[in-house]
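Please work through the following exercises with the sequence and the model at hand. Each task is followed by a solution in steps.

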Amino acid sequence: MELKEPQLQWHWRRQTLLLAEHLLKIKAEAAAAGEKVHFYILPHHRADGDAIGSAMALQRALWREGFVAQAVFAEPLSGLYDYLDCRDYAVCATAEEAEALREKIVLEKAYVCLVDNSAPSTRLGAREVLFNACLPARRIIIDHHISQFTASAAYDIAPDIVACCVQVSELLLALEAAENCHLIDKNTAECLMTGIVTDSGQLSYEAMSAQVYLIMAILKNRGADQELINRLHYHLCSRRQLQIEALAFTQTKYFFANRCLVAKLSAAQIQAVQATDQDIDGISSKLREVEGVEIAVLLRQTPKGNVIGSIRTSLTADAQKIALQLGGGGHKRASGFTIYNSTPEAAEPLFLQACREQLERTDESGEQ
Ligand SMILES: [Mn+2]
């Protein structure tokens, strides 16, 4: 008996195949010259599950390919990711640390690969000099955000894809197919599954294509513990998280006939509870689920006095268009922005102005 499901055919994206070819060429040239090729992998700062998963999976796979590869983060990874067993990463947070690494990159004529990130000037912090120090022909980008860069053989930029980990999965599967080798072990599969589960809002966004489910099936088959990943990222709740959520949920205001919901947290409140980014991360997604709400935002103040806005939208409004007006970016259902030297109170009218245009535009165009 044969199962017929033509929609479930595997599809190779052109960018995946071009990038796989690019890597194989680098590998072949290095082998011919008898040289070691060095890669530095830079995810965006304040790395989330997708940034961490894609950076660590790529690092492990490049090792298997015989390259020297080092993921370099802007900050140490939270204990939440201990199950990924990724201790072999570097942290580059200061100008001095960046300078030491910059010299190595120049000396080694290294490749620098941005993952889950294609905004070097705003999302790398001190590591920006590393990208700039890399020879332009040795820069690689794998990203699913709207980008200033154009897709090319070395730049897989695909804003329609739900997670960068999907792109890395496709790349590694293309390399496996081309070389008849095994790159995705249990650990790498878990890194990749983590990015997909977290960046898709637990598989809830419309960018969850049939192909992404196929990839998840492969990752599960390679040993990814998707049940554990779901529990750690979506079900377990720290006491701090419960406290900061309770605080945020009582500091909400509705606007635009209850279509827009704004919650605020001051730096002092976050400090008092000692809440981490992870304790706070899920709040805006929960606000979006309130009946009738089309746009939800959490405006939270950092200790440095900046305001980070996390926008979540339901069916009609485009979070990315709102964030772009405020100098931020992201995706249709989830985007973010930073307003420097501000307070949640001062940021609120700016956010509402950006929403106003989006809500009116939605009305006019009659989008569903
Ligand atoms: Mn991502």
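The exercises concern a pair of helices and then two loop residues. The model is predicted, so local features need pLDDT of at least 70, side-chain atom pairs count only at pLDDT 80 or more, and totals for chains, interfaces and linings use all residues. Residues are numbered from 1 along each chain as its sequence is written.

**Exercise 1.** Determine how helix 7 and helix 9 are oriented to each other.

Solution. Step 1: Helix 7 (residues 186-199) and helix 9 (residues 226-235) pack at an angle of about 45°, with their axes 10 Å apart. Helices here are DSSP runs of H or I with at least four residues, and strands are runs of E with at least two, numbered from the N terminus.

Step 2: Angles under 35 degrees count as roughly parallel, over 145 as roughly antiparallel, 65 to 115 as roughly perpendicular and the rest as oblique. Helix 7 and helix 9 are therefore oblique.

**Exercise 2.** Decide whether K109 is buried, partly exposed or exposed, and do the same for A257.

Solution. Step 1: K109 is found in the loop between helix 3 (95-108) and strand 4 (111-115), while A257 lies in the loop between strand 7 (252-255) and strand 8 (260-265).

Step 2: A residue is buried if 20 or more other C-beta atoms, placed from the backbone, lie within 10 Å of its own, exposed if 12 or fewer, and partly exposed in between.

Step 3: K109 has 13 C-beta neighbours inside 10 Å and therefore counts as partly exposed. A257 has 8 such neighbours inside 10 Å, so A257 counts as exposed.

Methods. Axes fitted to C-alpha atoms, helices over the stretch in contact; angles between N-to-C directions.
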